[in-house]
Amino acid sequence: MSLSATTARPSPAAPPSPDVSRRRRRGRLLNRLDVKYSPYLYIAPFFLIFGVFGLYPMLRTAWMSLHDWDMIGEHSFIGFDNYTRLFSDEYFWNALVNTFGMFALSTIPQLLLALFLANLLNRTFLRAKTFFRMAIFVPNVVSVAAVAIVFGMLFQREFGLFNWLLSFVGVDPVDWDGHRWSSWTAISTMVNWRWTGYNTLILLAGMQAIPKDLYEAAEIDGAGPWRQFWQITLPMLKPTFIFVVILSTIGGMQLFTEPLLFGNGNIIGGNQREFQTLAMYMYEMGIVNLNTAGYGAAVAWAIFMIIVVVSLFNFLLVRRTAK
Amino acid sequence: MSVTTRRTRLAAAALAAITAIGGLAACGNDDDKPAAGEKPAKLVVDTFGEMGYDELVKQYEKDTGIKVELRKTAQLGEYRPKLVRYLATGKGAADVTALEEGILNEFKPNARNWADLTPLVADHSKEYLPWKWELGKAQDGRLIGLPTDVGSLAVCYRKDLFQAAGLPTERDQVSALWPDWKGFHDAGLKYKQASGKAFIDSITAVSNGVMFQGGGDLFYDKEDNIIADTSPAVKNAWDTATSMADISAKASTWSPEWSGGFKQGTFAATFCPSWMLGIVSDNSGPANKGKWDVASVPGGGGNWGGSWLAVPAQSKYPNEAAKLAEYLTNAKSQVEAFKLKGPLPTNLEALKNDAFISYTNEYFSNAPTGKIFGESVAKIQPTYLGPKHQAVKENALEPALRAFENGQADKAKAWEQFTKDAKTQGAF
């Protein structure tokens, strides 16, 4: 870029005619503007689209959350009342507990399993590597609704596969959507089934980026595979791990389709709201109940803030432990 | 990259940006009302499910020369959000819009979104089932909807399972088994003792049946105060429903256990609004054809669902739209729609029509469903439904009943759960 600007500079030895020099000066100005501002123009489409579909809805939601907002009727400004109402709303806290419960039940085993599988797939002795790497990703390609419907059938009380299997070991049929623990288990199973492969692949990519000579050096020093894993793979995997954890956090906090379909599409998630997540509560308040759209918007912002806080917490935690 | 090409690109990009912004700005509002008396070229009709208007609309086009576009949405679940969007943004709504019972009640507090039909159509108040006509009015007296169909209630039962358990199978005898809910419960206990299996699908189906029978206010009084905890009609529905827990298969309506239960025979009877017949036959499959029959509902009539036709205030042609709605809901049209797709008439004349009364259903052992449902619908008491009736029913009453049915809460706890949730769900 700067090269073209240099060549355009007039030579002091032979002063050009005023007309030519003016044209050159104008060219130079345009050129400088171009160099300085055209990059902004090139990235503008993203920001335009983000502004329309990302930023504007967010700000609009914030604006709505400050109102008593009826979707098809009146709106009146009420300041932060919706937010103060959140604190004493028992069902909001219930949804929060459910969301974190299912988040823990899905994310922790999922990441451990993904780490284990990624390490396995990273081994040199494994045959048909590409096949396994592709196969492990397949669940993620299946539509989430299909997953939820199939698992919903597997977890049925009367004719479900899991209850049938349990009957062989003498366990009474479980009413999967009738208790908190069982519904959480069922929903987390769906999430794990779908996302373990995805995380495995990302962790695997991170592992492949670790220089091989580190392992060779360690091997010469007499470090076994276990020691290599703890002292080379894990620390070097830190940035990838942060990424995966934050992604899982965002996904976990927004859990919606699986619990919704598990409860036959009922937005309150179980007879006593055993598995209603924050996202479902937001939908119930903001979309299903037309007259509480403002409160729903406040729930949406609460979810956003929670995601920010949890992601930050994760980030600090993972950074510290990996040090 | 030479300066000229870069400059051209810059210009091109700027031009693109300007047209994009201009394009956005061009989407202004276009709700300029046509001059009075101007005849519309086209009217749009929004319906959900199958309302049987296909042929009627063609006839209307022929008669008036106004084109009609029929927009159908299969699922009510998809229909409602679309409707909310049209109303919230003030554009996109059809000229004639079908409103299901729950949606209508929910939209009533904001009645200004709908045209008042009283000055636009002739007075038909005496021609329809009185309670159905009344439900079409908003709190301020504005007539929002003209009645289309009704979800009149009956009992669908399995003849083969009844026979195996030593119960009568002939539909009049079966109806005679349960003049009231006590009789229904006794029959259920007898069935359970003989077969060892559950008699009905769930107790929420029972509460749906009882709720409309007593008349009187349900979750709201006429001033729209929530009275769920004191309303006698609700208490009666609650007590009747909870008393049936011992003969219930605990398969809540629409759950996989429920739809699978039809084939498996986990229950021998269920409550059928007229529109449910198709769902029962689909779930049971062709193998069970002729095994089902239809009897009358204990305690007389009952209602579950039903719709109205309304004209959104944003329609450019409220006069013609109201006329079209009037035409689609008149006696003749209701019989035609019933013959085509089966929605039950609400027009008194249509309910007396021979074609309607003599209608039989082949899948259900040729049961005279027209007659059964027609009789059931005539017995319904006028009931006032408040703005969030549907939300209170679906998200407070039914979850509490299911919690009791599944043993998650005892009767007192479940009642407490219901009354508390009714207050939050019913607030508007």
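These exercises work through charged side chains in a predicted model.

Local features need pLDDT of at least 70, side-chain atom pairs count only at pLDDT 80 or more, and totals for chains, interfaces and linings use all residues. Residues are numbered from 1 along each chain as its sequence is written, chains are lettered from A and ligands numbered from 1 in the order in which they are written, and side-chain values use heavy atoms, leaving out hydrogens and water.

**Exercise 1.** Place the salt bridge of Glu284(A) and Arg273(A) in the chain, and classify both residues by accessibility.

Solution.
- Start with the criterion: a side-chain nitrogen of Lys or Arg within 4 Å of a carboxyl oxygen of Asp or Glu.
- Over all chains, the structure holds 22 salt bridges.
- In this one, the N to O distance is 3.0 Å.
- Glu284(A) sits in helix H14 (residues 278–288) of chain A, and Arg273(A) in the loop between helix H13 (257–262) and H14, so the bridge ties together parts eleven residues apart in sequence.
- Helices are DSSP runs of H or I, at least four residues; strands are runs of E, at least two; both are numbered from the N terminus.
- Buried means under 20% relative accessible area, exposed over 50%, partly exposed in between (1.4 Å probe, protein chains only).
- Glu284(A) has 0% relative accessibility, so Glu284(A) is buried.
- Arg273(A), at 3%, is buried.

**Exercise 2.** Find what Glu50(B) pairs with, and locate the partners.

Solution.
- The partner is Lys72(B), at 3.6 Å, N to O.
- Glu50(B) is in the loop between strand S1 (42–48) and helix H2 (54–64) of chain B; Lys72(B) is in strand S2 (residues 67–73), 22 residues apart.
- Glu50(B) is partly exposed at 42% relative accessibility.
- Lys72(B) is partly exposed at 39%.
- Now extend the pair: Glu50(B), Asp54(B) and Lys72(B) form a network of salt bridges.

**Exercise 3.** Determine the sequence separation bridged by Asp229(B) and Lys423(B).

Solution.
- The side chains meet at 3.4 Å, N to O.
- Asp229(B) lies in the loop between helix H9 (203–211) and helix H10 (232–243) of chain B; Lys423(B) lies in helix H19 (residues 411–426), so the parts tied together are 194 residues apart.
- Asp229(B) is partly exposed at 36%.
- Lys423(B) is partly exposed at 46%.

**Exercise 4.** Describe the surroundings of Arg133(A).

Solution.
- Arg133(A) belongs to helix H5 (residues 129–135) of chain A.
- Arg133(A) is buried but has no salt bridge.
- Glu216(A), the nearest side chain of opposite charge, is 15 Å away.
- For charge, Lys and Arg count as positive, Asp and Glu as negative; His and the chain ends are not counted.
- Apart from neighbours within four places in sequence, Arg133(A) contacts (heavy atoms within 4.5 Å) Leu121(A), Leu201(A), Leu204(A) and Gln208(A).
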